[in-house]
Amino acid sequence: MKEMVENETKIQLKKLEDRWKEIKDIQEAGSSGISAKQDLSTKIESLTTSLDSGNLKKLTETEVSINTWTQLNGGIMVSDYDTCLKMIVMGTDGIEQKKEIKDIDVVEMLGIDREEVILSLEGKSKLVKLRNDGAKQDFQDFEELLPRALHFTKSCKIVIGVCEKGPFELSENSIRQIINMELSGDILHTFEFDDDKKRVVTYPLKATSHINNDMYVIDLQEPVSDQSRLISLAYPNKVMWEYKGDKSISSHFKPMSLSVTSDGYIAVFDTKFLHILYTKGTLKARIDTQDNNIPNPTSMCIDASEHPEQKICIFCKKCNQLVCPLCLSENHKDHYFEGLKDAYEEKFQSLKYYQDKLKEDLAFHSLSEKELSVRTKSNKSFYENLRKTILEQEERLKKAIEIETKSRLKILEDRVKEMNIATVKAQHTNVNAQKEVSSNLESVNLAINTGSLKTVIQTEQCVKSWIEPEKTYRVIDINPIELNCGSIDQTQVSKMFGSLEEVSHTVQFEVLHSYRSKAIFNNIQPCQDGSVWVSDKYSCLRKMDLGSEIQQRKEVKDLSVEAMLESHEGEVILSLSGQSKLVTLTNDGNLKDFIDFSPLIALPLHITKSGRIVVGICEEISYKLSTSSVRKLIIIEASGKKLHTFEFDDNQKRILTYAVKATTNINNDLYVIDKTSEYKHGRLLSLAYPNKVMWTYTGNTTINSKLQFKPNSLAVTATGNIVLLDTDTKVLHILDITGALKTFVSLLNYHVYSPESMCIDVLGRMWISCGGLSSDSYMTILTNMFQGMLLVMSFAGF
């Protein structure tokens with residue numbers, strides 16, 4: 001029997017060891033996938049330096065390469081028929097010439113970065129680079145062929161048209177190609193003949209690419225009349241369609257320039273008309289350039305507007321689009337608008353705020369990575385300790401526990417597997433989250449660096465529609481197990497060996513100290529040193545500390561405080577009844593103006609770990625809403641600079657009714673108590689940037705079956721759970737980070753009645769302001785009916 005027990009023990013332990021090895025291999029693979037953060041930190045620092053410099057030129061530079069227009073270092077390069085190349089800029093007084101280069105006969109050009117332009121010169125087989133300082137440098141030699149630098153793609157490839165020197169007429173020896181090449185000069189692909197050995201192009205003049213990377217080429221077919229066509233090319237050698245103009249206008253189509261609008265339409269200029277085409281080559285619209293005061297057009301560049309012939313004039317906030325006068329009259333009637341300067345500033349600040357948010361998220365994921373690593377070691381320690389306990393117990397019961405040993409080790413094996421798989425899954429989720437956040441941050445950084453309003457808007461739309469990775473992986477709700485050892489008895493093997501059971505986390509409360517006051521405190525604000533500030537309804541502010549008992553350290557009278565915060569510098573920020581100004585309380589008891597929100601009323605609700613202040617704004621303390629009501633949540637820096645505002649969602653629906661409390665959790669999620677009726681009934685909102693309500697909690701049907709949900713205070717525990725004080729039911733609602741009710745605690749079970757306010761201090765103790773303890777005698781309650789009590793309680797289990 002002893003040998004059988006030993007053999008079975010070896011088998012079960014071998015299985016456990018093999019499984020543990022598999023889990024460790026998965027953990028190591030997950031850890032190795034975590035990319036280095038130093039490079040990202042450097043990029044963030046560089047971007048922050050650029051933003052802080054205040055140099056708008058750095059933020060507004062963009063790159064454009066369309067036909068004989070190209071942008072270089074903030075200006076537009078244009079060439080004329082008189083061997084002259086000029087840089088022009090849009091100044092305060094209109095278009096101005098910034099630079100001129102003479103005696104250079106440019107056939108075609110395109111910008112490859114903010115410092116260099118590639119030129120093809122009349123009659124020359126070489127492409128040359130022109131630097132910003134005017135110096136020329138050979139780029140690529142096509143020997144006997146004449147190149148035309150046609151287009152620079154979004155993927156940084158150069159599209160070049162080449163033909164042989166000599167007459168236009170085609171022969172068997174003619175070379176007419178479209179070449180796709182790298183910046184290094186390596187040729188990637190050549191369009192010349194289709195599958196039927198028919199020439200794809202006759203004489204390529206211009207080219208561009210669509211947002212889907214489709215290529216469009218103006219192909220000259222008759223040099224005398226300039227008769228041409230527009231063709232769409234597809235890899236490897238297909239002509240998808242051709243457009244030869246609108247026959248109702250003219251039989252001769254003479255396209256001179258082309259581009260693609262921001263929404264994907266193809267715009268082609270001929271000598272008189274602007275043709276707007278769908279991506280399949282069919283005509284959408286045509287515009288007479290003479291009617292729009294554009295005489296004899298020779299070249300074109302598309303602006304951000306849908307109508308290339310118009311200049312953008314305003315920003316539509318409802319559609320989140322730049323619009324021109326035609327757009328304004330056609331598609332944006334009765335919308336709400338904003339000036340371009342204000343729109344740029346708003347979008348810039350929006351991306352700046354999101355950039356900071358991404359930094360915080362990246363820091364969060366980095367911290368989570370470390371915590372998950374510690375948790376892996378903890379799991380291993382847990383495994384080893386429990387394994388030792390099992391073996392010690394097994395040694396004492398070898399003759400009677402063969403079946404029970406198998407059973408217990410299997411339970412342990414499954415639980416360890418579950419715990420570690422959950423941890424590994426969390427690590428993988430963390431890796432993916434870091435990559436997603438880093439990718440979005442890089443996109444935001446690129447958008448801010450370009451300074452293009454269009455790019456900023458598009459990027460903002462992307463990040464707004466981006467679904468932020470879940471952060472719930474940080475909380476792994478798999479409880480450990482322990483072995484409750486029984487006494488050795490051959491007839492009761494199962495009971496003697498003990499069972500593997502989950503460690504219970506029973507909710508526990510204990511009143512540590514109490515303090516009687518002459519008034520009930522309606523506000524409690526925890527301080528960094530473990531003390532709290534409290535205010536009552538009778539114009540008194542006090543600082544309370546907990547030693548061997550609750551003691552009053554400071555008192556400031558004649559202050560009617562609505563809300564208060566303690567800043568990271570230790571200053572107390574106060575909102576006084578009916579006033580628009582926030583003030584700070586100095587150490588000597590004097591008040592100093594902080595920020596004025598006149599004529600609105602402001603309530604400081606929360607200060608984040610990064611020192612940002614969450615302020616609730618309203619036009620009056622009222623629950624009745626009208627179209628003119630102002631109900632906002634503003635995020636400001638300690639300097640008072642506004643960073644972001646929560647007011648309306650994407651559907652222009654008001655987010656808040658009357659915000660009274662706010663806090664953030666370990667994931668930096670923002671929670672707000674929003675009062676919705678004059679009876680102070682309310683709800684808890686979880687808000688996400690820029691204007692999303694992630695979830696809403698309006699109480700529990702069982703808890704609030706008779707009394708409606710009236711949240712008055714909220715706090716977050718060290719494990720990330722949300723604690724809400726429901727004053728009417730005298731219940732603490734405990735929610736997880738998804739807004740689901742985990743459990744609840746009736747304060748009446750702990751003899752607390754008439755609770756008014758609650759907070760959790762930096763040491764993890766709960767402070768509750770109430771009317772007293774129901775364990776008091778009747779005479780004590782009667783005597784102290786109009787007085788209050790401050791309680792300090794320890795808690796566990798949530």
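Let's start with strand 45, residues 722–726: 5 of its 5 residues are buried, so the strand is largely enclosed by the rest of the structure. Keep in mind that this is a predicted model. In a regular strand, side chains alternate between the two faces of the sheet. In strand 45, I722, L724 and D726 sit on one side, V723 and L725 sit on the other, and both faces are covered, with all of these residues buried. "Buried" here means a relative accessible area under 20%.

Now look at what flanks this strand. On the N-terminal side in sequence comes strand 44 (residues 711–716), which runs antiparallel to strand 45 and is joined to it by 5 bridges. If you want a landmark for lining the two up, find P711, which stands opposite D726 of strand 45. The hairpin that these two strands form has 5 residues between the strands, and G720 takes a positive phi there, near 95 degrees.

Strand 45 has another antiparallel connection, to strand 46 (residues 731–735), again through 5 bridges. A handy pair to look for is V723 with I734, its bridge partner in strand 46. This hairpin has 4 residues between the strands, and K730 takes a positive phi near 60 degrees.

That backbone detail is worth a pause. Most residues other than glycine have a negative phi, and most peptide bonds are trans. With that in mind, where else does the backbone do something less usual? One place is D558, a residue other than glycine with a positive phi near 60 degrees. D558 lies in the loop between strand 31 (550–557) and strand 32 (561–566), and its relative accessibility of 69% makes it exposed. Another is H751, also not a glycine, whose phi is positive and near 65 degrees. You'll find H751 in the loop between strand 47 (741–746) and strand 48 (752–753). At 41% relative accessibility, H751 counts as partly exposed.

Then there are the cis peptide bonds. S598 and P599 are joined by one, with omega near 0 degrees, and P599 belongs to the loop between strand 35 (591–596) and strand 36. Y689 and P690 are also linked by a cis peptide bond, with omega about 0 degrees. P690 is in the loop between strand 42 (682–688) and strand 43 (692–697).

Following the chain on from P599 takes you to strand 36, part of an open sheet. Its 4 strands are ordered 36-37-38-39 and pair antiparallel. Which strands stand at the edges? Strand 36 (601–607) and strand 39 (642–646) do; each has a single partner strand, so one side of each is left without a neighbour in the sheet. From one strand to the next, the twist averages 25 degrees. Strand 36 is tied to strand 37 (residues 613–618) by 6 bridges, with the two running antiparallel. Within that pairing, P604 stands opposite V615 of strand 37.

Next, zoom in on a loop residue, N665. It lies between strand 40 (659–664) and strand 41 (670–675). Is N665 buried or exposed? Its relative accessibility is 1%, so it counts as buried. What does its side chain reach? One target is the backbone nitrogen of D669, at 2.9 Å. The N665 side chain also makes a polar contact with the side chain of Y671, at 2.8 Å. Setting aside neighbours within four places in sequence, N665 is in contact with Y671, V716 and I737. V716 brings us back to familiar ground, since strand 44 covers residues 711–716.

Finally, the cysteines. A disulfide is a covalent bond between the sulfur atoms of two cysteines. How many disulfides does the structure hold? The count is 0. Take C759, which is in no disulfide: the nearest cysteine sulfur belongs to C527 and is 8.9 Å away. The cut-off for a disulfide is a pair of cysteine sulfur atoms within 2.5 Å, so that distance does not qualify. C759 has a relative accessibility of 4%, so it counts as buried. C770 is buried as well, with a relative accessible area of 0%.

How values were computed: Residues are numbered from 1 along each chain as its sequence is written. This is a predicted model: local features need pLDDT of at least 70, side-chain atom pairs count only at pLDDT 80 or more; totals for chains, interfaces and linings use all residues. Side-chain values use heavy atoms; hydrogens and water are left out. Buried means under 20% relative accessible area, exposed over 50%, partly exposed in between (1.4 Å probe, protein chains only). Two strands pair if DSSP finds at least two bridges between them. A polar contact is a pair of N or O atoms within 3.5 Å; within protein, one must be able to donate a hydrogen and the other to accept it, and residues adjacent in sequence count only if both atoms are side-chain atoms. Contact means heavy atoms within 4.5 Å. Axes are lines fitted to C-alpha atoms, for helices over the stretch in contact, and angles run from 0 to 180 degrees between N-to-C directions.
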